[in-house]
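Visitor: I would like a close look at one part of this protein. Please pick a buried spot, take me through its surroundings, and then set it against the rest of the chain.

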Amino acid sequence: MLSGMEIAIIGGDLRQIEVIRKLSALDATLHLIGFNNVDDGFLEAEKKEFGTTNPESLDAVILPVSGMSTNNEVESIFSGNPLVLERDWVKKTSSNTRFYTGVANKTLKSLISEENRALIEVMTRDDLAIYNSIPTAEGTIMLVIQHTNVTIHKANVTVVGFGRVGQTIANKFHGLGANVTVVAEEEALLARAYEMNVNPKPLEELSNVVCDADVVINTIPSLIITSHVISQMPSHVFIIDLASKPGGTDFEFAKKRSIKAMLAPGLPGLVAPKTAGLQLAQLLSVLLKDQWIELTEGRT
Ligand code: NAP
């Protein structure tokens, strides 16, 4: 149980509802910041703002899976107002306060480390990232169906990057009968793609590979889908960029060439918030219980 533990949950998407349910059931004291549009009777937790939460009392702060933007904004689908995580607020938390997020950009990492607080990025864990890749792949299939006029069956689909998301995407599109080409850097990953019976291609061949692509799905969080690569694609191609913001595509160039290109963040929260939220809630509850044991043992 987490009785007595004070936790602030700041913003997020529908996945956080499952987190709130789980932590409420464990008897944590929850301060919900940026949840003003959620129906009151739904959650047994106090709705607050940054200004009405005492940061000193907090043992943990839970940020959304997306973390925070480079201008300190925290996304919340439950708030009409922008949420900004100010340095002064972080400064006022206790030195024992732990910050939990899905992923963290440089701005969030610097902010938390400069204030000597602990930051836990749950999406760096393979288990959660692999579970999360399933709704991500389902959301990608949904977008491909919505934005193309051909079947996935027999479509030429290029998957760029072959990590936890890339592997699940390649597997699901292969299962739907697409001609899948996987573009990756590491030899071992290319060997795995070969074993899965999809076409493995080294990254330096990307611009040749995309010549006959119907769909290009990027998972590499670096500028990989450059203007040169885009210039080799057929005009009907659909590019979906799944990599964390700002993605790895030259969107301006794609627009100039009238190529449909889309950054598609947060798909699990969009297409399967219940499943993805339960998995997130389960992991967070384990991490918070460990922290609470450490904290309470330290106090006795
Ligand atoms: P991952 O397991 O780390 O895989 C990323 C892959 O990209 C790895 O194969 C990695 O190769 C490669 N890579 C990274 N930087 C590279 C570079 N500069 N040049 C060449 N290859 C590079 O990550 P993941 O879990 O698959 O996630 C991929 C991205 O999707 C992340 O940005 C993640 O935040 C995002 N994501 C988005 C959604 C969504 O809904 N849109 C959902 C989940 C995850 P090495 O291992 O050799 O570096």
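Guide: What follows starts at one threonine and works outward. Keep in mind that this is a predicted model.

Start at Thr 140. Thr 140 sits in helix α4, which covers residues 126–147. Is Thr 140 buried or exposed? Its relative accessible area is 0%. The cut-off for buried is under 20%, so Thr 140 counts as buried.

Now look at the side chain. It reaches back to the backbone oxygen of Thr 136, at 2.7 Å. Thr 136 also falls within the span of helix α4, residues 126–147.

Next, the neighbours. Leave aside residues up to four places away in sequence. Thr 140 then touches Ile 169, Phe 173, Ile 217, Ile 240, Leu 242 and Leu 267. Two of these names, Ile 169 and Phe 173, fall inside the range of helix α5, residues 164–175.

Follow helix α5 to Gly 175, which belongs to that helix. The picture changes here. Gly 175 has 65% relative accessibility. Exposed means over 50%, so Gly 175 counts as exposed. Gly 175 can also be placed against Leu 263. The two are 88 residues apart in sequence. Their C-alpha atoms are 24 Å apart in space.

Go on to a strand. Thr 181 lies in strand β10, residues 179–184. Thr 181 is another buried threonine, with a relative accessible area of 13%. Its side chain makes a polar contact of 3.3 Å with the side chain of Asn 199. Asn 199 is also among the residues that Thr 181 touches, once those up to four places away in sequence are set aside. The others in that list are Val 157, Thr 158, Val 159, Lys 201 and Val 209.

Step back to the whole chain. It holds 11 helices and 14 strands. The radius of gyration is 21 Å, close to the 19 Å from the globule rule for 300 residues, so the chain is as compact as a globular protein of that length. Along the principal axes, the C-alpha atoms fill a box of roughly 65 × 40 × 40 Å.

How much of the chain is buried? Of its 300 residues, 50% count as buried. Thr 140 and Thr 181 are among them. The chain exposes about 14200 Å², and carbon and sulfur atoms supply 50% of that area.

Contacts across the sequence come last. Take those with a separation of 6 or more. Residues 24 or more positions apart account for 59% of them.

Key
Residues numbered from 1 in each chain as written. Predicted model: local features only at pLDDT ≥ 70, side-chain atom pairs only at ≥ 80, totals over all residues. Heavy atoms only, no water. Helix = DSSP H or I, 4+ residues; strand = E, 2+ residues; numbered from the N terminus. Rg over C-alpha atoms; globule rule 2.2 N^0.38 Å. Buried < 20%, exposed > 50% of the residue type's maximum accessible area, 1.4 Å probe, protein only. Contact = heavy atoms within 4.5 Å. Areas by Shrake-Rupley, 256 points an atom, 1.4 Å probe, with all protein chains shown as cover. Polar contact = N/O pair within 3.5 Å; in protein donor to acceptor, adjacent residues only side chain to side chain.
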